[in-house]
Amino acid sequence: MLIRRPDPILPSEITPEAVYLERRRFLRQAAFGSAGIALALAGCEGESAEEAPPADEPTPYKDVTSYNNFYEFGTSKEDPARYAGSLKTRPWSVVVEGEVERPGTLDLEDLLRPFTAEERIYRLRCVEAWSMVIPWQGIPLGTVLERFAPTSRAKYVYFETLHDPAQMPGQNRGVLDWPYREGLRMDEAMHPLTLLATGLYGRELPNQNGAPLRLVVPWKYGFKSIKSIVRIRLDERQPPTSWSTSNPGEYGFYANVNPEVDHPRWSQRYERRIGELRRRPTLPFNGYADEVAHLYAGMDLQRYF
Ligand SMILES: Nc1nc2c(c(=O)[nH]1)N[C@H]1C(S)=C(S)[C@@H](COP(=O)(O)O)O[C@H]1N2
Ligand SMILES: [Mo]
């Protein structure tokens, strides 16, 4: 019988998630010295904590970067990976204005230099009920906003995506009122879970995922997580947002994931993790209720959906 030795793995065949997971394993081992010490520290028997599958398995890099929503490059989920190459992400700057004592401009390098990008694994859920688990790198938005000294009149934060139809051909079509706009209430913006993401899977953010800088608000529907941001404005009043302007009956300003409130055209009770066949029950606030439900205490979430 011929025993075939496995072929050596070419670097080009190593998936980004394999590289990422290996690096994480290495960092964890370095932190604990050895797997044995990690086991003793965790106080568990049998399997070490390192080998136990995480409750939320990250979605493969290929799916995270090839099944996207980014209407500036087309309305189908395959369009952004195919067409977002036309977006030029350097140089890049973000205007920060409005209710701040120190308005100014952030260029991307300035933004990254004084901060260390943190690594967070977050679920992202879309209103159409698909979800992914993505290892993001980024900076808590609140840390960035504090540099500009919000005034006491700052109640909301407004965000705008680049408006340049030459680079973003989808903006030649009237599917949305361009530029893409989003907003958060100040307490949502300052919440430590809210991230300005600069990368995923340990790599720079791919264009289709919102390079070079996008918002990630893990307890809300994906549409809140605005991509390729060029303007941040602190406002006294609730700002207009793209989806709630184009279809206010279907997309509210708050966009809290809520299994109890159906979307007009479909139930929100279940979701499908990309790559899984079985549906999962939708968790309130996308599974982050312990951290964020208090922000909405006393609000009627049927009305503020
Ligand atoms: N500028 C801009 N940002 C956007 C969108 C968009 O069309 N344009 N789509 C939103 C929606 S509906 C979702 S679900 C997420 C998708 O992010 P992902 O492609 O990285 O998964 O991006 C959000 N941010
Ligand atoms: Mo979405």
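Which residues come nearest to ligand 1? I looked this up before anything else. The model I am working from is predicted. Around ligand 1 I find 17 residues, and the nearest are Asn68, Tyr71, Glu72, Ser225 and Lys227.

**Entry: polar contacts of the ligand**

I then went through polar side-chain atoms facing ligand 1. For Glu72, I note a polar side-chain atom 2.8 Å from a nitrogen atom of the ligand. Thr161 has an N or O atom in its side chain at 2.9 Å from a nitrogen atom of ligand 1. With Asn209 the ligand partner is an oxygen atom, and the distance to a polar side-chain atom of Asn209 is 3.0 Å. Glu72 is also in my list of nearest residues.

**Entry: the open sheet**

I traced an open sheet of five strands and wrote down its order as E2-E1-E10-E5-E6, with mixed pairing. Why do strand E2 and strand E6 each have one side without a neighbour in the sheet? E2 (104–107) and E6 (181–185) stand at the edges and have a single partner strand each, so one side of each is left free of a neighbour in the sheet. I took the average turn between neighbouring strands of this sheet as 20°, direction ignored.

Next I checked two of the pairings. As a reminder to myself, strands of a sheet pair through backbone hydrogen bonds, either parallel or antiparallel. Strand E1 (residues 93–98) runs parallel to strand E10 (residues 229–235), and I count four bridges between them. In this pair Val96 stands opposite Ile232 of E10. E1 and E2 are antiparallel, again over four bridges. Here Ser93 is set opposite Asp107 in E2. I followed the chain from E1 to E2 and found a hairpin, with five residues joining the two strands.

**Entry: backbone exceptions**

I searched the backbone for unusual geometry. Most residues other than glycine have a negative phi, and most peptide bonds are trans. Which peptide bonds did I note as cis? One runs from Trp178 to Pro179, with omega near -5°. Pro179 sits in the loop between strand E5 (156–161) and E6. Another cis peptide bond goes from Ala211 to Pro212, with omega near 0°. I place Pro212 in the loop between strand E8 (203–204) and strand E9 (214–216).

Ala149 went on the list for its phi, which is positive at about 55° although the residue is not a glycine. I found Ala149 in the loop between helix H6 (141–146) and E5.

**Entry: the second largest pocket**

I looked up the second largest pocket last. Its space comes to about 370 Å³. How many residues line the second largest pocket? I get 25, and those nearest its centre are Asn69, Phe70, Cys126, Gly222 and Phe223. By class, I recorded 15 nonpolar, six polar and four charged residues in the lining. Strand E4 (residues 130–140) gives the largest share of the lining, with three residues.

Terms used
Residues are numbered from 1 along each chain as its sequence is written. Chains are lettered from A and ligands numbered from 1 in the order in which they are written. This is a predicted model: local features need pLDDT of at least 70, side-chain atom pairs count only at pLDDT 80 or more; totals for chains, interfaces and linings use all residues. Side-chain values use heavy atoms; hydrogens and water are left out. On a 1 Å grid over the protein atoms alone, a cavity is a set of points where a 1.4 Å probe fits but cannot get out, and a pocket is an open set with protein on both sides within 12 Å along at least five of seven lines; lining residues have an atom within 4 Å of a point. Grid points are joined across faces, edges and corners, and a volume is the space filled by probe spheres set on the points. Ala, Val, Leu, Ile, Met, Phe, Trp, Tyr, Cys and Pro count as nonpolar, Asp, Glu, Lys and Arg as charged, and the others, Gly among them, as polar. Two strands pair if DSSP finds at least two bridges between them. Axes are lines fitted to C-alpha atoms, for helices over the stretch in contact, and angles run from 0 to 180 degrees between N-to-C directions. A residue is near a molecule or strand if one of its heavy atoms lies within 4 Å of it. A polar contact is a pair of N or O atoms within 3.5 Å; within protein, one must be able to donate a hydrogen and the other to accept it, and residues adjacent in sequence count only if both atoms are side-chain atoms.
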